[in-house]
Amino acid sequence: MLNDQEFKNFSQIIEQYAGIHMAEGKKALVEGRLRKRLVALNLETYNDYYKIVRNDNNKTERQLFIDLLTTNETWFFREENHFNFLKKILDDRNPQQPMNIWSAACSSGQEPYSIAMLMAEERELSRPWNILGTDISNKILTSAKKGVYLKKNIKGLSKTRVRRFMLNGVRSMSEYLAIVPELKKRIDFQPYNLTSSPLPSIKYDVIFCRNVLIYFDNDTKKKVIDRLIKALKTEGYLFTGHSESLHGVYDNLKVINPSIYQRI
Ligand SMILES: C[S@@+](CC[C@H](N)C(=O)[O-])C[C@H]1O[C@@H](n2cnc3c(N)ncnc32)[C@H](O)[C@@H]1O
C-alpha cells in the first residue's frame, strides 16, 4: 500500500522534474503504476523505491519513474481544427519559404506524423519543411521513432491517408501499419523537458503544445508558455489543447481563438 506520505514524496519528485502536478485523487494511479518497479526491483515498500528515485545519481531509474507517471494518450489528427488552421497558414505562404514546426509533447508520434502528412499533402516532400517531435518520456519517444501502430489503433486516420502514408505489416507484423520512410525521415525526435531543457537553437513557425499543460499548475504553465513564446518566430503560431485555454496575460501573444495564439 502507498501511504499518504509516500504519495506526497513521489508527487514532489515528479513535480520538481517534470512540472506534473499530482492531484490527491491520483494516489491509486501512482500506486498502480509504480508497483511494477517494486516488483521488478524486488522491493518491499514504496519507501524503498522512493529512496532509489530521489537519488540524483540514478538517472536511469528516475527516467523510468517519469515514463511511468506520464499520460501518453494521443491519436492522429486530434483536435482537427488545428490541422485546418495549419492548412490555412500554408495556403497563405509561399511554398518556397521554409517551414519549421515543433510538436512539443509528441507522445507516441501521432501528432508529428499527422503534421507531416498534412505537409506532404500541401507541400511536396522536396520542399523545405521540418518537424521536431519532443517528449520528456524516453519510452514513448522510442515508440514515436518506430512509427509502427496497431491497425486497430489508428483512430483519426482516413483510408486515403492510410493508403498513402502507411505500409502494411507482413507475417508477424500483419496487425500493424508503419509510417512510410519518406515521412519518417522528415521528423527529428528528441527528448525534451518543457520546464527545463534549453530552448532549441532555431525559432519555429508553429508550435503544437497540446494536452500537456493540463498536468501543470499555473506557475509552471506560465513558465512553459513564456519559454515557448521565445521559441516562436514573430507572427508564429502556438496551439494548445482545446481544454487548455491560456487565461493569464502573456506579453506578445494574440488570441486567435481559445486554443490558437500568435506571437506579435
Ligand atoms: C496526453 S499526451 C499529449 C500528446 C499530444 N500532444 C496530443 O495532444 O495528442 C502528453 C505528453 O506530454 C508529455 N509530458 C509531460 N510532461 C512533460 C514535460 N515536462 N516536458 C515534455 N513533455 C512532457 C508526456 O510524456 C506525454 O507524452
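**Two sheets, two domains and a ligand shell**

Let me begin with one residue pair: Met-166 has Ile-179, in β5, as its bridge partner. Before I build outward from that pair, please keep in mind that what we are looking at is a predicted model.

The two strands in question are β4 and β5, the latter covering residues 176–179, and they pair in the antiparallel sense over three bridges. They belong to an open sheet of three strands, whose order is β3-β5-β4 and whose pairing is antiparallel. Since β3, at 148–150, and β4, at 166–168, each have a single partner strand, they stand at the edges, and so one side of each is left without a neighbour in the sheet. From one strand to the next, the twist in this sheet averages 35 degrees.

Let me turn now to the other sheet, which is also open, but which is formed by seven strands in the order β6-β2-β1-β7-β8-β10-β9, with mixed pairing. Here the edge positions are held by β6, residues 187–191, and by β9, residues 253–257; each has a single partner strand, so that one side of each is left without a neighbour in the sheet. If we ignore direction, neighbouring strands of this sheet are turned against each other by 20 degrees on average.

Within this sheet I would like to point out β1, residues 99–103, and β7, residues 204–209, which pair in the parallel sense over three bridges, and here Ser-103 stands opposite Phe-208 in β7. Which strands does α6 touch as it packs on the sheet? They are β1, β2 (129–135), β6 and β7, and the direction of α6 makes about 170 degrees with that of β2. Helix α10, residues 218–230, also packs on the sheet, where it touches β7, β8 (232–240), β9 and β10 (260–263), and its direction makes about 140 degrees with that of β8.

Helix α6, which spans residues 110–122, also packs against helix α5, residues 80–91, at an angle of about 35 degrees and with the two axes 11 Å apart. The crossing in which α5 passes α6 is right-handed. On the α5 side the contact is made by Phe-83, Leu-86, Lys-87 and Leu-90, and on the α6 side by Ser-114, Leu-118 and Glu-122. By class, that contact of α5 with α6 comprises four nonpolar, one polar and two charged residues.

Stepping back to the level of domains, the assignment for this protein gives domain 1 as 4–69 and domain 2 as 80–148 + 179–263. Taken over C-alpha atoms, the centres of domain 1 and domain 2 are separated by 29 Å, and the contact takes seven residues from domain 1 and twelve residues from domain 2. Which helix gives the most to the side of domain 1 that touches domain 2? That is helix α4, residues 59–69, with three residues. The residues on that side of domain 1 divide into three nonpolar, three polar and one charged.

Finally, the ligand. How many residues surround the ligand, and which are the closest? There are 25 of them, and the closest are Thr-70, Thr-74, Ala-105, Ser-107 and Asn-211. By class, the shell around the ligand divides into nine nonpolar, eleven polar and five charged residues. Both domains take part, in that the shell draws at least three residues from each of domain 1 and domain 2.

Methods:
Residues are numbered from 1 along each chain as its sequence is written. This is a predicted model: local features need pLDDT of at least 70, side-chain atom pairs count only at pLDDT 80 or more; totals for chains, interfaces and linings use all residues. Two strands pair if DSSP finds at least two bridges between them. Helices (H or I, at least four residues) and strands (E, at least two) are DSSP runs, numbered from the N terminus. Axes are lines fitted to C-alpha atoms, for helices over the stretch in contact, and angles run from 0 to 180 degrees between N-to-C directions. A residue is near a molecule or strand if its C-beta atom, placed from the backbone, lies within 6 Å of it. Ala, Val, Leu, Ile, Met, Phe, Trp, Tyr, Cys and Pro count as nonpolar, Asp, Glu, Lys and Arg as charged, and the others, Gly among them, as polar. Domain bounds come from an automatic or database domain assignment. A crossing is left-handed if the near helix is turned anticlockwise from the far one by less than a right angle, and right-handed if clockwise. Two residues are in contact if their C-beta atoms, placed from the backbone, lie within 7 Å.
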